[in-house]
Amino acid sequence: MARVKTTLVSWEDVVRWSRGLASKIKASGYMPDVIIAVARGGYVPARLVCDFLTINNLVSIQSQHWTEAAKAEERAIIKYPYKIDLSDSKALLVDDIVDTGESLLLAKNYIQKNWNPSEVRIAVLQWISSAAKFRPDYYFMEVKEWVWFQYPWTRLEDTYQFFKRILSEESKYGKVEWDFNGLVKKFVEWYELDVGEEYFKDAIGLLMEDGILRKENGKYVYLGSK
Ligand code: ADP
């Protein structure tokens, strides 16, 4: 698995970007009656946009990308389909990022068909214009070259995954025994990202819980990925 180019996003960035996104929405004159957070990445931005636009109505929908291994083709699904009545309401779908945009398009279609709002628009913090199938109605930042944004709400999940890649790759060259500092050093070297000691510890703890690492004589031993 290749090393991906990553950018660390801080909580302060998220607040600043959400505030900026809300100002753009306000300036356009669109005043949504209800905000729909696209789970999971849209939760924090959606809540902040509610705050900055003084909106009380917040609901959610989970749209998820999944890979069909056999077909090597990606599709998005609505994980928990349900119906609510949004007739005569203007809706705003909020997510963290439009990458391919597939999961958001699916969510928008689902809402238009099943929730019946008078209008739905899409707002995101970031829009990867080179990868996306469409341009969202509102975005705080256009990203021209694809990069993985390490948002604060996926810090542990990402750190765990990145460690897994490092461990798997390095084991091909016979490196299976690590100490804490060695793992952290490799992580920082690979991803040019420092998530802080607590996240490194938590991620290594999860790798042990999952039987991917085992502690032996003070060293972490890689047992292979599950
Ligand atoms: P899209 O349908 O917009 O391409 P995906 O279905 O690929 O989105 O991804 C869904 C979620 O995965 C996003 O809302 C975001 O939380 C996360 N994600 C996708 N691409 C990136 C990226 N480049 N950086 C960080 N997170 C991402």
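Modeller: Let's get one term straight before we look around: helices (H or I, at least four residues) and strands (E, at least two) are DSSP runs, numbered from the N terminus. Also keep in mind that this is a predicted model.

Colleague: Okay, let me try one residue. Where does Lys 83 lie?

Modeller: Lys 83 is in the loop between β4 and β5.

Colleague: Is Lys 83 buried or exposed?

Modeller: Look at the relative accessible area; over 50% counts as exposed. Lys 83 has 61% relative accessibility, so it counts as exposed.

Colleague: And which residues does Lys 83 touch, leaving out those up to four places away in sequence?

Modeller: Lys 83 touches Asn 114 and Trp 115. Lys 83 and Asn 114 are 31 residues apart along the chain, yet their C-alpha atoms are separated by 6.1 Å.

Colleague: Now the rings. How many aromatic pairs does the structure hold?

Modeller: Here's the general idea: a pair of aromatic rings is described by the distance of the centres and the angle of the planes. This structure has 15 aromatic pairs. One of them joins Tyr 82 and Trp 115, with 5.2 Å from centre to centre and 55 degrees between the planes, and this pair is tilted.

Colleague: Why does the pair of Tyr 82 and Trp 115 tie together parts that are apart in sequence?

Modeller: Check where each ring sits. Tyr 82 is in the loop between β4 (73-78) and β5 (90-98), while Trp 115 is in the loop between α3 (102-114) and β6 (119-128), so the pair ties together parts 33 residues apart in sequence. Tyr 82 is partly exposed at 33% relative accessible area, whereas Trp 115 is buried at 0%.

Colleague: What about the rings of Phe 187 and Phe 200: why is that pair edge-to-face?

Modeller: Go to the angle again; over 60 degrees counts as edge-to-face. The planes of Phe 187 and Phe 200 are at 80 degrees and the centres are 5.0 Å apart, so the pair is edge-to-face. Phe 187 belongs to helix α5 (residues 180-191) and Phe 200 to helix α6 (residues 197-209), so this pair ties together parts 13 residues apart in sequence. Both Phe 187 and Phe 200 are buried. They also belong to a cluster linked by ring pairs, together with Phe 162, Phe 163, Trp 190 and Tyr 191.

Colleague: Can a charged residue sit over a ring too? Which residue lies over the face of Tyr 30?

Modeller: That one is Arg 121, at 4.0 Å from the ring centre of Tyr 30. Similarly, Lys 24 lies over the face of Tyr 139, at 5.2 Å from the ring centre.

Colleague: Let's zoom out. Which domains is the protein divided into?

Modeller: Domain 1 covers 9-147 and domain 2 covers 152-222. Their C-alpha centres lie 32 Å apart. The contact takes 10 residues from domain 1 and 4 residues from domain 2.

Colleague: How do I read the area buried between domain 1 and domain 2?

Modeller: The size of an interface is often given as the accessible area lost when the parts come together. Between domain 1 and domain 2 that area is about 520 Å², and carbon and sulfur atoms give 62% of it. On the domain 1 side, Val 9, Trp 11 and Arg 40 lose the most area to domain 2, together 60% of what that side buries.

Colleague: Arg 40 again, then. Which residue forms a salt bridge with Arg 40?

Modeller: Glu 157 does, with the closest N and O atoms 3.3 Å apart. The count between the two domains is 1 salt bridge. Arg 40 sits in the loop between β2 (34-39) and α2, and the peptide bond leading to it from Ala 39 is cis, with omega near 0 degrees.

Colleague: Which residues are buried in helix α2?

Modeller: Helix geometry first: an α-helix has 3.6 residues a turn, so residues three or four places apart point the same way. In helix α2 (residues 43-53), the buried residues include Pro 45, Ala 46, Leu 48, Val 49, Cys 50 and Leu 53. Thr 54 follows α2 and has a positive phi, near 55 degrees.

Colleague: Last one: where does Asn 217 lie, and what is its phi?

Modeller: Asn 217 is in the loop between β10 (213-216) and β11 (219-222). Its phi is near 50 degrees, a positive value in a residue other than glycine. At 81% relative accessibility, Asn 217 counts as exposed.

How values were computed: Residues numbered from 1 in each chain as written. Predicted model: local features only at pLDDT ≥ 70, side-chain atom pairs only at ≥ 80, totals over all residues. Heavy atoms only, no water. Phe/Tyr/Trp six-rings, centres within 6.5 Å; stacked < 30°, edge-to-face > 60°. Buried < 20%, exposed > 50% of the residue type's maximum accessible area, 1.4 Å probe, protein only. Lys NZ or Arg CZ within 6 Å of the ring centre and 35° of its normal. Domains from an automatic or database assignment. Contact = heavy atoms within 4.5 Å. Buried area = accessible area lost by both parts, 1.4 Å probe. Salt bridge = Lys/Arg side-chain N within 4 Å of Asp/Glu carboxyl O.
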